[in-house]
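Here are some notes on helix packing for your review. Please read them against the model.

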Amino acid sequence: MRVYVPLTLPGLAEAHKTGELGSGPLVAYAVTPALREWYLSDDIEELEYAALSRAALASLRLLAADAGAPRRRVVVAVDVPDRAAVVDPDRGLDPAALGEVRVSEAVSLAKAASVHVDAGDAETDVTAAAQALGAADDGDDDAQFVVDGAEDHELLWFATQEIPNLVGAGG
């Protein structure tokens, strides 16, 4: 199963250093039955994009909690055994948890298929979105508009060989 793991650039740097995204359980996003039902689509590419978008929002939440992290959302796409990614039955129908899975085992960075990161020109909107997230969660429509502004930026696709350059460890 392809899962999308939300990170920050410091989190990606740590994964690059240790060789793993986490030892589990790890929150990720995937094409789950609830996500399929919500998006009413059979197009796997659309559904994968929806899961990636959910992970990008989770990355924004990580940025909101880490004021020192560069203001760029990061998502790592990785393949894990189907049995390793499980939907939390208590959160399966919660719209806020659409596509959310728990990966029960360690996830090696070597298993990553790609990395998705905001371009530098997204930083202003991502910064504003991270600051507005709490108010948006409380129902503030203006703040939600600001959060949605970050989603206007497509994450760029990077091969895993490019991770050293993304985290500043490249030669």
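How closely do the axes of helix 4 and helix 5 come, and at what angle do they cross?

1. The axes of helix 4 (residues 123-137) and helix 5 (residues 141-151) come within 7 Å and cross at roughly 140°. Axes are lines fitted to C-alpha atoms over the stretch in contact, with angles from 0 to 180 degrees between N-to-C directions. Helices are DSSP runs (H or I, at least four residues), numbered from the N terminus.

2. This is a predicted model: local features need pLDDT of at least 70, side-chain atom pairs count only at pLDDT 80 or more, and totals for chains, interfaces and linings use all residues. Residues are numbered from 1 along each chain as its sequence is written, and side-chain values use heavy atoms, leaving out hydrogens and water.

3. Helix 3 (residues 44-65) packs on helix 4 at about 95°, with the axes 9 Å apart. The two are therefore roughly perpendicular (65 to 115 degrees). Leu57, Leu60, Arg61, Leu63 and Ala64 of helix 3 meet Val126, Ala129, Ala130, Leu133 and Asp137 of helix 4. Contact means heavy atoms within 4.5 Å.

4. Which residues of helix 5 are buried? Ala143, Val147, Gly149 and Ala150 are (under 20% relative accessible area, 1.4 Å probe, protein chains only). They cover an arc of only 145° around the axis, which puts them on the same side of helix 5. The arc is that of the directions from the helix axis to the C-beta atoms. These buried residues pack against helix 3 and helix 4.

5. The face of helix 5 turned away from its buried side carries Asp141, Asp142 and Phe145. These three are exposed (over 50%).

Definitions and conventions. Angles under 35 degrees count as roughly parallel, over 145 as roughly antiparallel, 65 to 115 as roughly perpendicular and the rest as oblique.
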